[in-house]
Amino acid sequence: MAPKAATGRTSRNPDLIRGVGKFSRSKMYHKRGLWAIKAKNGGVFPKHDPKPAAAETPAKPPKFYPADDVKKPLVNKRKHKPTKLRASITPGTVFILLAGRFMGKRVVFLKQLTSGLLLVTGPFKVNGVPLRRVNQSYVIATSTKVDISGVDLGKFDDQYFEKEAEKKKKKGEGEFFEAEKEEKKVLPDDKKDDQKTVDAQLIKSIEAVLDLKTYLSARFSLKSGMKPHELVF
Amino acid sequence: MVKGHQGEGVRSKSNQYPNTSLIHIEGVNTKEEVSWYCGKQWIALLLHLGQVPRPHGNSGVVRAKFKSNLPPKSMGDRVRVVMYPGNI
């Protein structure tokens, strides 16, 4: 009820020891001027009505109470950052892929996606590698660079590469025993067109450099006597 | 892949520690050369996957740890190092 001390003001009642003030209650009454406040208000302390509480919307009782108390998972506010790229990796670098279907192929690096994976293309016409995502660890960055300034990469992100959610088919009894119709996964035409547009620009820059096209179509392999720890990439 | 041969496990005179194998990689002859291979993965006998953590001594021999210990029968057998995880 009593008015708060203004910010920055110390108490008017210094502590002699912790818990014991210097002035008695009646002394403090005078010090704080409570008599003056009372006089101003007609002999009674001013009363402030509590603010009317905001009308509470009557909460509907939940339909379902779980049998056991369910623990809420702890809040995780960590944000995902794309992996830090090695200094040798810049847009336009030629990579050697180290694993997977295209092992040993030399490809052109386009950009890093938000997931941290690297977007890469053969180009498709040159060595059969399509627009693909690759992890930094599975790549050797060579010192060869291709000019990719003309290529528009705004449309490619991780969403583009996600698998399409398969619709769940309800199987009837009869259908269960029939052989499932094999739906061939055909690459949609718009993705093929994207590949062509990206590659068109790239191939121009590649053909401008002597032998770069043959270089990209050739696979990298270790020959007898080659020591990778002595190779300069 | 770079090839190598499996040696024995890490051991002292009378005690053996089969969880780590010594591997000699062809063409690697000094401790400094091994540092290129550290962190790379192994494939031994097409079954065991492992990692190259560190060199062993001065002459390029390497200590490797596999998911499951290599069988003693395979001592002297071919082992390959793959180039990933890459670090160039």
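**Exercise 1. The second largest pocket**

How much space lies in the second largest pocket? Describe its lining by residue, element and class.

*Solution.* The model is predicted.

Step 1. The volume of the second largest pocket is about 570 Å³.

Step 2. The lining comprises 25 residues; A:Ser221, A:Leu222, A:Lys223, B:Met1 and B:Val2 are the closest to the pocket centre. Both chain A and chain B thus appear among these central residues.

Step 3. Two elements of chain B, β1 (2–11) and β6 (78–81), each give two or more residues to the lining.

Step 4. Sorted by class, the lining holds 13 nonpolar, 5 polar and 7 charged residues.

**Exercise 2. The interface of chain A and chain B**

Determine how many residues of each chain are in contact, what area is buried, and which polar interactions the rule finds across the interface.

*Solution.*

Step 1. With heavy atoms within 4.5 Å taken as contact, 16 residues of chain A touch 13 residues of chain B.

Step 2. The size of an interface is often expressed as the accessible area lost when the parts come together. Between chain A and chain B, about 1,300 Å² is buried, and carbon and sulfur atoms give 69% of that area.

Step 3. The side of chain A that touches chain B has 10 nonpolar, 3 polar and 3 charged residues.

Step 4. A search for salt bridges between chain A and chain B returns 0. The search for polar contacts across this interface returns 2 residue pairs, both at pLDDT 80 or more.

**Exercise 3. Backbone geometry**

Locate the cis peptide bonds at A:Pro123 and B:Pro85, and place the positive phi of A:Asp211.

*Solution.*

Step 1. In chain A, the bond joining A:Gly122 and A:Pro123 is cis, with omega about 0°. A:Pro123 sits in the loop between β5 (118–121) and α3 (124–127) of chain A.

Step 2. In chain B, the peptide bond from B:Tyr84 to B:Pro85 is cis, and its omega is near -5°. B:Pro85 belongs to the segment after β6 of chain B.

Step 3. A:Asp211 is not a glycine, yet its phi is positive, about 70°. A:Asp211 is placed in the loop between α5 (189–208) and α6 (212–217) of chain A.

Terms used: Residues are numbered from 1 along each chain as its sequence is written. Chains are lettered from A and ligands numbered from 1 in the order in which they are written. This is a predicted model: local features need pLDDT of at least 70, side-chain atom pairs count only at pLDDT 80 or more; totals for chains, interfaces and linings use all residues. Side-chain values use heavy atoms; hydrogens and water are left out. Buried area is the accessible area (1.4 Å probe) that two parts lose on being put together, summed over both. A salt bridge is a side-chain nitrogen of Lys or Arg within 4 Å of a carboxyl oxygen of Asp or Glu. A polar contact is a pair of N or O atoms within 3.5 Å; within protein, one must be able to donate a hydrogen and the other to accept it, and residues adjacent in sequence count only if both atoms are side-chain atoms. Ala, Val, Leu, Ile, Met, Phe, Trp, Tyr, Cys and Pro count as nonpolar, Asp, Glu, Lys and Arg as charged, and the others, Gly among them, as polar. On a 1 Å grid over the protein atoms alone, a cavity is a set of points where a 1.4 Å probe fits but cannot get out, and a pocket is an open set with protein on both sides within 12 Å along at least five of seven lines; lining residues have an atom within 4 Å of a point. Grid points are joined across faces, edges and corners, and a volume is the space filled by probe spheres set on the points. Helices (H or I, at least four residues) and strands (E, at least two) are DSSP runs, numbered from the N terminus.
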